[in-house]
Amino acid sequence: MPRRHRAARDRPGPPAPSPRPRTAAPVWASADGMTVRTVSGETGKVYRCPGCQQEIKPGTPHLVVMTEGGVEGRRHWHTPCWRQERRRRGLG
Ligand SMILES: [Zn+2]
């Protein structure tokens, strides 16, 4: 009786695709001409939210909003403040 040997080794499959990068902003947050990213706030820095003028405490997940094509208009926003600001600007 012939011994059966394994035809194929257990090969690892292709890496699982990650549909969204971790920094992707929620869909509602995006705006024309703007790049919006989510940040975890783990850098330990304190930012000033232009929406409410309050500090964004370290460790607070929030949004970074940039004018497309540059980091010049880069601002850190509380997520709810940006939501309000978008509405104020008529972006959503
Ligand atoms: Zn705010």
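Of the 92 residues in the protein chain, 15% are buried. I should say at once that the model before you is predicted.

Let me turn to the overall architecture. The protein chain contains one helix and five strands. Read from the N terminus, the order of these elements is β-β-β-β-β-α. If we take the contacts between residues at least 6 apart in sequence, 43% of them join residues at least 24 apart.

Next, the sheet. Which strands form it, and in what order? Three strands make up an open sheet, ordered β1-β4-β5, with antiparallel pairing. The edges are occupied by β1, residues 34-39, and by β5; each has a single partner strand, so one side of each is left without a neighbour in the sheet. From one strand to the next, the twist averages 30 degrees.

The pairings can be followed residue by residue. Between β1 and β4, which run antiparallel, there are six bridges. Within this pairing, Val-36 stands opposite Val-65 of β4, and Arg-37 stands opposite Val-64 of β4. On the other side, β4 and β5 are joined by three bridges, again in the antiparallel sense. Here Val-64 has His-76 of β5 as its bridge partner. Val-64 is thus matched with Arg-37 and with His-76. As a general point, side chains in a regular strand alternate between the two faces of the sheet.

The helix comes next. Helix α1, residues 79-89, lies across β4 and β5, and runs at about 45 degrees to β4.

I now come to the nonpolar core. How many residues make up the largest one? There are ten: Ala-25, Ala-29, Val-36, Tyr-47, Cys-49, Ile-56, Leu-63, Val-65, Trp-77 and Trp-82. Val-65 deserves a separate word. Leaving aside residues up to four places away in sequence, Val-65 touches Met-34, Val-36, Arg-75, Trp-77 and Trp-82. Among these, Val-36, Trp-77 and Trp-82 belong to the largest nonpolar core, as does Val-65.

Finally, I would draw your attention to Gly-69. This residue is found in the loop between β4, residues 62-67, and β5, residues 75-77. Is Gly-69 buried or exposed? Gly-69 counts as exposed, because it has 9 C-beta neighbours inside 10 Å, and a residue with 12 or fewer is classed that way. Gly-69 and Met-34 are 35 residues apart in sequence, and their C-alpha atoms are 8.7 Å apart in space.

Conventions: Residues numbered from 1 in each chain as written. Predicted model: local features only at pLDDT ≥ 70, side-chain atom pairs only at ≥ 80, totals over all residues. Helix = DSSP H or I, 4+ residues; strand = E, 2+ residues; numbered from the N terminus. Buried ≥ 20, exposed ≤ 12 C-beta atoms within 10 Å, placed from the backbone. Contact = placed C-beta atoms within 7 Å. Core = buried A, V, L, I, M, F, W, Y, C linked by C-beta atoms within 7 Å. Pairing = 2+ DSSP bridges. Axes fitted to C-alpha atoms, helices over the stretch in contact; angles between N-to-C directions.
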